[in-house]
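Hi,

Here is the structure I said I would pass on. Have a look at it first, and my notes on what turned up follow below.

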Amino acid sequence: MKLHQLLTELSHQGVKLWAEGDQLRLRAPKGVLTDQHRRSISALQPELLRLLKEGKLEKNSYFLPEIVFDPQKSGAVPLN
């Protein structure tokens, strides 16, 4: 799993990540973390720690999903 995908999934599921020294810590709601999440976190741990220490994961905007306009669901009226 790629870093951005992992962070987006974890964020949407309420998982919090932080660094304590050289240790990566996390808090997750019960049953949220899958084996795939655990493997990905382990594999990406050095990069996650680096980003946390640099303060680059503290910005909530990093985790916002892509917004796609759907005129059928928005109630928008075409301008003709």
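Helix α1 is followed by Gly14, which has a positive phi, near 80°. Before I go further, please keep in mind that this is a predicted model.

While we're on glycines, there is another one to look at in the hairpin of β1 and β2: Gly21 also has a positive phi, near 65°. That hairpin has two residues between its strands. Strand β1 covers residues 16-20 and β2 covers residues 23-27; the two run antiparallel and are joined by five bridges. If you want one pair to click on, Lys16 has Arg27 in β2 as its bridge partner.

Zooming out for a moment, the chain has three helices and two strands, and going along the sequence you meet them as α-β-β-α-α. There are 80 residues, 26% of which count as buried. Of the contacts between residues at least 6 apart in sequence, 53% link residues at least 24 apart. The chain exposes about 6,300 Å², with carbon and sulfur atoms supplying 52% of that.

Back to α1, which spans residues 3-12: its buried residues are Leu3, Leu6, Leu7, Thr8 and Leu10. They pack against β1 and against α2, the helix at 35-53.

Thr8 caught my eye in that list of leucines. Why does Thr8 count as buried? Its relative accessible area is 18%, and the cut-off for buried is under 20%, so Thr8 falls on the buried side. What does its side chain reach? The Thr8 side chain gets to the backbone oxygen of His4, at 2.8 Å.

Now the core. The largest nonpolar core has 16 residues, and those with the most contacts inside it are Leu10, Leu17, Leu24, Ile41 and Leu48. Helices α1 and α2 each supply at least two residues of this core, and α2 gives the most, with six. As a general point, nonpolar side chains in soluble globular proteins tend to be buried together.

If you pick one core residue to display, I'd suggest Leu48. Setting aside neighbours within four places in sequence, Leu48 is in contact with Leu3, Leu7, Leu17, Leu24, Ile41 and Leu57. Among those partners, Leu3 and Leu7 are also on the list of buried residues in α1.

Shout if anything is unclear when you open it up.

Cheers

Terms used. Residues numbered from 1 in each chain as written. Predicted model: local features only at pLDDT ≥ 70, side-chain atom pairs only at ≥ 80, totals over all residues. Heavy atoms only, no water. Pairing = 2+ DSSP bridges. Helix = DSSP H or I, 4+ residues; strand = E, 2+ residues; numbered from the N terminus. Buried < 20%, exposed > 50% of the residue type's maximum accessible area, 1.4 Å probe, protein only. Contact = heavy atoms within 4.5 Å. Polar contact = N/O pair within 3.5 Å; in protein donor to acceptor, adjacent residues only side chain to side chain. Core = buried A, V, L, I, M, F, W, Y, C linked by side-chain atoms within 4.5 Å. Areas by Shrake-Rupley, 256 points an atom, 1.4 Å probe, with all protein chains shown as cover.
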